[in-house]
Amino acid sequence: MKKVLILGVSSVQMDAILQLKKMGCETYACAMAKDGPGADAADHFDMINILDEPALAEHIRKNNIDVVYSTGSDLAMPVACRLSEKLGLTHFVSSDAAYICNHKNAMRNTLTSECKGNIPYQVMSEIETITVPFPAILKPSDAQGQRGIFLINSQKEFEEHFEEAKEISREKKVIVEKYIDGPELSVNGYMVGGQLKYLVASDRDTWPEYTGLIHKHIIPAETLLPGTEDRIRSIVEDVCRRVDISNGPVYFQMKLDGQTPYIIEMTPRLDGCHMWNILTRATGVNLMKLTFEHLLYGDISELKNLKSNIKPMELVFFCQIPNTTMDRRAFEIPQDAVDSYWYYETGDFVRPVNGRFDKVGYYIHNR
């Protein structure tokens with residue numbers, strides 16, 4: 001029986017833990033508080049900060065853990081990779097690659113201007129004159145959860161929001177990027193031996209009043225014209241070579257300028273939106289299962305389940321202003337839903353994650 005430690009206990013980590021238990025693995029979970037469903041889903045839970053690497057290393061040695069991993073968390077990925085390197089555990093990418101993906105300035109620098117998916121940007125720790133043309137996007141250089149993101153139209157607006165964005169950054173830096181005024185995409189891929197073996201692009205529909213915050217995923221993407229998916233594939237392959245991602249899942253947020261794709265975010269892990277669930281139903285491939293079978297046993301046979309035609313589906317999020325009381329009666333799950341999940345019970349306090357409009361549940365249905 002393989003022993004797997006998952007860093008974090010959020011709902012996306014619970015997805016990973018439940019998949020591992022289906023595979024007969026013994027599951028361990030760590031977090032600084034027992035504040036997510038993954039804590040109860042795991043066979044063992046310990047209250048350890050996922051950034052406390054010495055404590056985690058001792059925990060791994062003590063329990064003879066075979067693999068340490070995380071899904072949906074940029075914060076946890078570099079930690080999991082560093083621990084795996086130090087302790088000789090199986091892992092997909094290096095800690096350097098995980099760091100690059102978790103730090104937007106490092107990511108932009110690594111991709112260089114030669115990468116067709118890169119965009120003009122500017123990194124700073126103090127207020128400077130913006131050289132990127134307006135409108136632009138201001139955000140922390142190394143945060144996750146869509147926090148501290150602002151659409152700015154002037155130097156004045158940049159200065160008004162600078163401190164708020166900087167405060168969220170762990171390294172106290174911000175990045176200003178050229179704003180791409182076009183449709184958003186989520187791109188899920190899977191690498192095997194340096195080859196891109198799976199790629200699905202979906203429309204990423206966001207709330208108009210909350211810049212960048214997800215409302216729904218639409219599969220397959222309706223915004224792509226013939227030839228655009230080939231350009232996306234070329235960019236993903238190029239980026240994975242530059243960052244040295246040869247195996248495992250990759251996830252990109254992209255935007256289209258016309259039909260030219262540009263990278264907004266990238267990460268060498270599964271996304272944080274339960275996309276494995278809708279993609280399993282739409283494409284036949286369970287990326288969560290594939291990830292752990294590949295990581296634990298070198299088994300990539302799940303890829304054989306890929307359908308020739310993608311089934312049209314939607315994953316729709318219920319969202320609510322944080323620091324308010326959850327009331328499920330305010331939301332309606334349609335009768336044609338094939339799956340749904342609530343993050344909170346009625347009466348629960350909605351904790352701030354992005355701090356503006358946080359997920360409280362989701363459902364999946366056919367289109």
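1. In this predicted model, the charged end of Lys 359 is placed over the ring of Phe 317, at 4.5 Å from the ring centre. Phe 317 also belongs to a cluster linked by ring pairs, whose other members are Tyr 341, Tyr 343 and Tyr 362. The lysine contact and the ring cluster can thus be inspected together at Phe 317.

2. The structure has 12 aromatic pairs. One of them is edge-to-face and joins Trp 207 to Phe 357, with 5.1 Å from centre to centre and 85° between the planes. This pair links distant parts of the chain, 150 residues apart. Trp 207 is in the loop between strand E10 (195–206) and E11, and Phe 357 is in the loop between strand E15 (337–342) and strand E16 (358–366). Both partners are on the buried side of the 20% cut-off: Trp 207 has a relative accessible area of 17%, and Phe 357 has 13%.

3. Within the cluster, the rings of Tyr 341 and Tyr 343 have centres 5.7 Å apart. Their planes meet at 55°, so this pair is classed as tilted. An edge-to-face label would need planes over 60 degrees apart. Tyr 341 is partly exposed at 22% relative accessibility. Tyr 343 is partly exposed too, with a relative accessible area of 22%.

4. There are two cis peptide bonds to check, each leading into a proline. Phe 134 and Pro 135 are joined by a cis bond with omega of about -5°. Pro 135 is in the loop between strand E5 (121–124) and strand E6 (136–140). The bond from Ile 219 to Pro 220 is also cis, and its omega is near -10°. Pro 220 is found in the loop between strand E11 (214–219) and helix H8 (228–243).

5. Two residues that are not glycines have a positive phi. For Asp 244, phi is about 70°. Asp 244 belongs to the loop between H8 and strand E12 (248–257), and its relative accessibility of 48% makes it partly exposed. For His 274, phi is about 60°. His 274 is in the loop between strand E13 (260–267) and helix H9 (275–283). Is His 274 buried or exposed? His 274 is buried, since its relative accessible area is 2%.

6. How many disulfides does the structure hold? The count is zero. For Cys 115, the nearest cysteine sulfur is that of Cys 240, 10 Å away. For Cys 240, the nearest cysteine sulfur is that of Cys 101, at 8.3 Å. A disulfide would require the sulfur atoms to be within 2.5 Å, so neither Cys 115 nor Cys 240 is in one. Cys 115 is buried, with 3% relative accessible area. Cys 240 is buried as well, with 2%.

Technical notes: Residues numbered from 1 in each chain as written. Predicted model: local features only at pLDDT ≥ 70, side-chain atom pairs only at ≥ 80, totals over all residues. Heavy atoms only, no water. Helix = DSSP H or I, 4+ residues; strand = E, 2+ residues; numbered from the N terminus. Buried < 20%, exposed > 50% of the residue type's maximum accessible area, 1.4 Å probe, protein only. Phe/Tyr/Trp six-rings, centres within 6.5 Å; stacked < 30°, edge-to-face > 60°. Lys NZ or Arg CZ within 6 Å of the ring centre and 35° of its normal.
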